[in-house]
Number of protein chains: 2
Amino acid sequence: MDTEIAGPRRRGPYAKSAARRRQIVEEAYRVFATRGYHGSSLREIAAAAGISLSNLQHYFTGKEDVLLAVLELRDELGAGVDAPEDDEPFERHIVAQAAANERIPGVIALYSVLSAEAVTDDHPGREYFLGRYDTLRSEYEAEFAALRDQGRLRDGVDPALAAATVIALWEGIQLQWLYTPDRIDAAATLRAYLDLVLLSPQTA
Amino acid sequence: MDTEIAGPRRRGPYAKSAARRRQIVEEAYRVFATRGYHGSSLREIAAAAGISLSNLQHYFTGKEDVLLAVLELRDELGAGVDAPEDDEPFERHIVAQAAANERIPGVIALYSVLSAEAVTDDHPGREYFLGRYDTLRSEYEAEFAALRDQGRLRDGVDPALAAATVIALWEGIQLQWLYTPDRIDAAATLRAYLDLVLLSPQTA
DNA sequence: GTCTATATCGGGATAGAC
DNA sequence: GTCTATCCCGATATAGAC
């Protein structure tokens, strides 16, 4: 078996396809982030990508399809960036991530705008966000539980509640930051909460 | 001067107008709350109000106009309900309000969906939310400052930061609650944060 | 793979009868 | 005040030429 069958080829007819798709998704990312799902149009995305509407439609069967690809891309990118370093402490990771997000225009807006828009029953992104909250809460709860086992969680703090709190606070403060970036410091706000809830290592 | 000139009459030709307007706004409230601004249509609102599209347009010059009326109505209703009792402690007020909101379908969704949607530059609700965050942060900051003066604020907690935190946490947890109402207790989450930040009165 | 052209639909606005 | 009818636009979707 020396013929390469599995997976898309790096050269040849498929190479351009994959690149185009990717390019479209990246532009769609920006458009959805700034105008929401309902507020965006495929025309606008096509224009941003510098191609015709029909050409865009050659790659995606519909608007929903594009949105789902955008969310997939987000997960893909996030898998590399969001993952904590091997032994980076949880609280440092959260704060660093919040600070980093401010430097990547669009990420915050994408989540803020879409997560709120997608509460509607028939929104194509609803399933994604349901799953995302679920995963995120589980992960953070495990982190807080581990910290508790190290004696670093303040007495009376529930790991599950703290997990939901961090996520809520994070999203909420990012939204305020979107409105008035000069008046809100998301990373500092998160750090203040974590300082309140966690005891410093040597105290344990 | 025994003729009543000022203000709309309770009877006569204007009575029906005012009532209709109010009725439309109330339906629009529900529609915007569940589908967002971009996701809603005047046709849908008219249908909900049981009138024709043209008739609705007789009362409002456009979609924006309807949205602004909805936000006005929200302020009007909120002015009665949101205002704290004369000497109700701040923390009790917050928690009680969060609990009460869960019982009024739509309020939470209206704010969650619209506040996120309205970050866009050209969204007709943007100004409203900018002002709302500003007012809310000022009010809460004053409350925290007062608590600090009573020696009831934990050391090292900044009133301004705590104000932004409460608002962010509140909005964020309500969004999670919209997705999975059975798994999130917004009031309890807020109470947990306030318990963390405030010292009980007798401790002072 | 990319385009132009067009079909089809749903949105907000407008005109005008009653 | 309320309606029907219609206009016009922007959106998605489709057909088919190159």
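Begin by selecting B:Arg20 and DNA strand D: a polar atom in the side chain of B:Arg20 lies 3.2 Å from a phosphate oxygen of that strand. The model on display is a predicted one.

**DNA strand D**

Keep DNA strand D in view and add B:Ser52. Here a polar backbone atom of B:Ser52 is 3.0 Å from a phosphate oxygen of DNA strand D. Next, select A:Gln57, where an N or O atom of the side chain is 3.1 Å from a base nitrogen of DNA strand D. The elements that give two or more residues to the surface near DNA strand D are α2 and α3 of chain A, together with α1 (13-35) and α3 of chain B.

Now widen the selection to the 19 residues around DNA strand D; those that come nearest are A:Arg43, B:Ser17, B:Ser52, B:Ser54 and B:Tyr59. Of the atoms of DNA strand D that come within 4 Å of the protein, sugar and phosphate account for 54%. Colouring this surface by residue class shows five nonpolar, ten polar and four charged residues.

**DNA strand C**

Move to DNA strand C and select B:Leu42, which has a backbone N or O atom 2.8 Å from a phosphate oxygen of the strand. Then select A:Asn55; an N or O atom of its side chain is 3.0 Å from a sugar or linking oxygen of DNA strand C. For a contact with a base, select B:Gln57: a polar side-chain atom of this residue lies 3.2 Å from a base nitrogen of DNA strand C. Two or more residues of the surface near DNA strand C come from each of α1 (13-35) and α3 (53-59) of chain A, and from each of α2 (42-49) and α3 (53-59) of chain B.

Which residues are the closest to DNA strand C? Of the 19 that surround the strand, they are A:Ser17, A:Ser54, A:Tyr59, B:Leu42 and B:Arg43. Within 4 Å of the protein, 53% of the atoms of DNA strand C belong to sugar or phosphate, and the rest belong to bases. By class, the surface near DNA strand C consists of five nonpolar, ten polar and four charged residues.

**The two chains**

Display chains A and B together. A turn of 180 degrees, with a shift of 0.0 Å along the axis, lays chain B on chain A with an RMSD of 0.1 Å. That is the relation of a two-fold axis. The same surface serves both copies, and 100% of the contact residues of chain B recur in chain A.

**A:His38**

Select A:His38, in the loop between α1 and α2 of chain A. Is this residue buried or partly exposed? With a relative accessibility of 35%, A:His38 counts as partly exposed. Leaving aside neighbours within four places in sequence, A:His38 is in contact with residues of chain B, including B:Arg35, B:His38 and B:Gly39, and with A:Lys63, A:Glu117 and A:His123. Add A:Leu114 to the selection: the residue is 76 positions from A:His38 in sequence, with 9.7 Å between the C-alpha atoms.

**A:Ala49**

Go next to A:Ala49 in helix α2 (residues 42-49) of chain A. A:Ala49 has a relative accessible area of 7% and is therefore buried. Beyond its neighbours within four places in sequence, A:Ala49 is in contact with A:Gln23, A:Ile24 and A:Glu27.

**The nonpolar core**

Finish with A:Phe144 and B:Phe144, the residues with the most contacts inside the largest nonpolar core, which has 132 residues. Not counting residues up to four places away in sequence, A:Phe144 touches several residues, among them A:Phe90, A:Leu153, A:Val166 and A:Leu198.

Notes: Residues numbered from 1 in each chain as written. Chains lettered and ligands numbered in written order. Predicted model: local features only at pLDDT ≥ 70, side-chain atom pairs only at ≥ 80, totals over all residues. Heavy atoms only, no water. Helix = DSSP H or I, 4+ residues; strand = E, 2+ residues; numbered from the N terminus. Buried < 20%, exposed > 50% of the residue type's maximum accessible area, 1.4 Å probe, protein only. Contact = heavy atoms within 4.5 Å. Core = buried A, V, L, I, M, F, W, Y, C linked by side-chain atoms within 4.5 Å. Least-squares fit on C-alpha atoms with pLDDT ≥ 70 in both. Near = heavy atom within 4 Å. Polar contact = N/O pair within 3.5 Å; in protein donor to acceptor, adjacent residues only side chain to side chain. Nonpolar A, V, L, I, M, F, W, Y, C, P; charged D, E, K, R; others polar.
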